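Here is a set of exercises to work through with the structure open beside you. Try each task on your own before you read its solution.

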Amino acid sequence: MEDGSIIKMRRHFNTAGACDPREHYMVEIGTRLKEIRGLVDAGKYFMINRARQYGKTTTLMALAEYLKEDYTVLFMDFQKIGSAKFADEYVFSAAFASYFIRIAGNRKNPAKELDGTSLASLEAASKAGGRFALDELFYWLSVLCDTAKKPVVLMIDEVDSATNNQVFVDFLSQLRAYYLDRRQTPTFQSVILAGVYDVKNLRQKIIPDLSGRMNSPWNIAADFDIAMSFTKNDIAGMLADYEADCHTGMDVERIAGMIYAYTSGYPFLVSRLCKLMDEKVAAQGVKDKAASWTKEGFQEAVRLLLMEKNTLFESLIGKLLDFPKLKQKLYDILFGGKRRLYNPDDPFLDIAVMFGFVKNNDGTVEIANRLFETRLYNYFLLGMEDRQDEMFTAACEDRNQFIKQGNLDMELVLRKFAEHFESIYGKNAVEFDEEEGRRRFLLYLRPIINGTGNYYIEAQTRDARRMDVVVDYRARRYIIELKIWRGNAYNERGKEQLLDYLKYFDAKEGYLLSYNFNKKKETGVKKIKVGDRVIIEAVV
């Protein structure tokens, strides 16, 4: 500008790489950094082992800044060491030394506390032309730690890029040896590794079928139990920061609650929904930026997220192809309604937690969040759609008649489903279980709401015999209970359960779909009024 003033760029929500509070809206992570510093101060070696795009790099970068007054921090990224450099220990040692020296001499983040003579000696040894082995590398690293003005902290991000190499295991062995001898031999104050795979047990990365090695030299590592997911209050704080800049008039607490309900605080998903509301929702027909930060705008952001391809979703689906048994376990949880107890000795549940598919909720395994759940349902239903299932085909043909004045006519959805069920299967329907019933209804429902609404299964009601499907369509919520008919008494209990759930959501209308294989059944759809609430029941 002519007056010489500096144009300040507005901060934005970031989902591409590490976040910087000067450029991006972020949750406050000061408490997390303080807890991690406690481990560093205690001289612990540890692994920040979290699923993809969980804020690991952002945390490490902030931690490096947080520690710099009292420690010399060397922050490395193994993605910057090409795979060829892991060919053997001699090539790796020279590459590691070169990278280490570059970081120490970086003008943007110089490690001034490291002794220049010792750095020069490390460089000379690594370039002497001989076979520069790991033991020699660690000798000079020990010298550097001994001569440094401050204790040295080594951080290594993206260790997954190295964990399928034997030389990495040997590197960990050297770290362990020096850690165990730290009272006699100078070494790093703390070593922090970050990645998806837990290097305490390298078997999943080295050999995906789990038949590989069981042990790791990283068994010296302290447990890292510090929460990295966001709480509702974390999200609200970030939104309040945004609102102070943008003045949309949003109800911060309400929007934060909705974001948390769908993401369970998964960092990438939180930021992605916020970014979509901030940048994309208004372009999809929502009238203005203020309207983007309402319930309607939020539901539009959810729709956009579930429809898009992104690196996180692609990574999750890729893992299902790599681990077929994991895929089957997730299918059983989703469609079977099976409550599975968390067992740390089940390797595939361990993998599911590691990749972020599921979480351990007080000893019970649950899908990690609603967004993952819906994406996984869509993935599993895709195979059935490809087989041109008759119910799916019927839904595709019917879909346009269910939208009236912009709203979804769920009563008509149930009526048409009942008609098609009777037409396709008729009196000769083979009795099936709850799993099949859920599959058939979701297969019919998906093309009707696809592209406009979304659905999820309510975790509170998930069991082998009962499951509530919650459909959000243009900011209106529809609650449908699915079950197999097991007599009048059982059916009446189901209605009572649905009523309780309607009260919980303050909803006036609910839906009950019962599969009845009794030859004397009365099929069809009817309305049942109970007080000020209505249940629309379909029996097929």
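A cavity is a set of points where a 1.4 Å probe fits but cannot get out. Keep that in mind for the third exercise, and note that the model used here is predicted.

**Exercise 1. Describe the four-stranded sheet and find its edges.**

Step 1. Begin with the whole chain: it has 20 helices and 15 strands. Of its 540 residues, 55% count as buried.

Step 2. Write down the strand order. The open sheet of 4 strands reads β1-β4-β3-β2, and the pairing is parallel. At the edges stand β1 and β2, each of which pairs on one side only. On average, neighbouring strands of this sheet are turned by 15 degrees against each other, direction ignored.

Step 3. Check the pairs around β3. Strand β2 (residues 72–77) is joined to β3 by 6 bridges, and the two run parallel; T72, for example, has V152 in β3 as its bridge partner. On the other pairing, β3 and β4 (residues 190–195) are parallel over 4 bridges, and L154 has V191 in β4 as its bridge partner.

Step 4. Follow the chain from β3 to β4. Together with helix α6 (residues 166–180), these two strands make a right-handed β-α-β unit.

Step 5. Add a helix that packs on the sheet. Helix α1 (residues 30–41) lies across β1, β3 and β4, at about 155 degrees to β1.

**Exercise 2. Is strand β3 enclosed or open to the outside? Work it out from its residues.**

Step 1. Recall a general point: in a regular strand, side chains alternate between the two faces of the sheet. That suggests looking at each face in turn.

Step 2. Sort the residues. V152, L154 and I156 are on one side, while V153, M155 and D157 are on the other.

Step 3. Apply the cut-off: a residue is buried when its relative accessible area is under 20%. The residues on both faces pass this test, and both faces of β3 are covered.

Step 4. Conclude. Since 6 of the 6 residues of β3 (residues 152–157) are buried, the strand is largely enclosed by the rest of the structure.

**Exercise 3. Find the empty space in the model.**

Step 1. Here is the idea behind the search: rolling a probe the size of a water molecule over the atoms shows where empty space is left.

Step 2. Count the cavities. There are 2 of 30 Å³ or more, and the largest holds about 40 Å³ of space.

Step 3. Look at the walls of that largest cavity. Its lining is made of R52, V196, L312, S315, L316, K319 and F355. Helix α13 (residues 311–322) gives the largest share, with 4 residues.

Step 4. Turn to a pocket, which is an open set of points. The second largest pocket has a volume of about 900 Å³. It is lined by 31 residues, and the closest to its centre are N49, R50, F224, V353 and M354. Elements that each supply at least two lining residues are β1 (46–49), α9 (252–263), α15 and β6.

**Exercise 4. Which strands of the three-stranded sheet stand at its edges?**

Step 1. Read the order: this open sheet of 3 strands runs β5-β7-β6, with antiparallel pairing.

Step 2. Look for strands with a single partner. These are β5 (340–341) and β6 (358–361), which stand at the edges, so one side of each is left without a neighbour in the sheet.

Step 3. Look at one pair closely. Strands β6 and β7 (residues 364–367) run antiparallel and are joined by 4 bridges; N361 has T364 in β7 as its bridge partner.

Step 4. Add the helices. Helix α14 (residues 324–336) lies across β5, β6 and β7, at about 90 degrees to β7. Helix α15 (residues 347–355) also lies across β5, β6 and β7, at about 105 degrees to β6.

**Exercise 5. Where do H247 and D506 lie, and are they buried or exposed?**

Step 1. Note the backbone angles. H247 has a positive phi of about 55 degrees although it is not a glycine, and the phi of D506 is near 55 degrees, again in a residue other than glycine.

Step 2. Place the two residues. H247 is in the loop between α8 (232–246) and α9, and D506 is in the loop between α20 (488–505) and β13 (509–515).

Step 3. Compare the areas with the cut-off for exposed, which is over 50%. H247 is exposed at a relative accessible area of 62%, and D506 is exposed at 58%.

Definitions and conventions
Residues are numbered from 1 along each chain as its sequence is written. This is a predicted model: local features need pLDDT of at least 70, side-chain atom pairs count only at pLDDT 80 or more; totals for chains, interfaces and linings use all residues. Side-chain values use heavy atoms; hydrogens and water are left out. Two strands pair if DSSP finds at least two bridges between them. Contact means heavy atoms within 4.5 Å. Axes are lines fitted to C-alpha atoms, for helices over the stretch in contact, and angles run from 0 to 180 degrees between N-to-C directions. Buried means under 20% relative accessible area, exposed over 50%, partly exposed in between (1.4 Å probe, protein chains only). A crossover is right-handed if, with the strands pointing away from the viewer, the path from the first strand over the helix to the second runs clockwise. On a 1 Å grid over the protein atoms alone, a cavity is a set of points where a 1.4 Å probe fits but cannot get out, and a pocket is an open set with protein on both sides within 12 Å along at least five of seven lines; lining residues have an atom within 4 Å of a point. Grid points are joined across faces, edges and corners, and a volume is the space filled by probe spheres set on the points.
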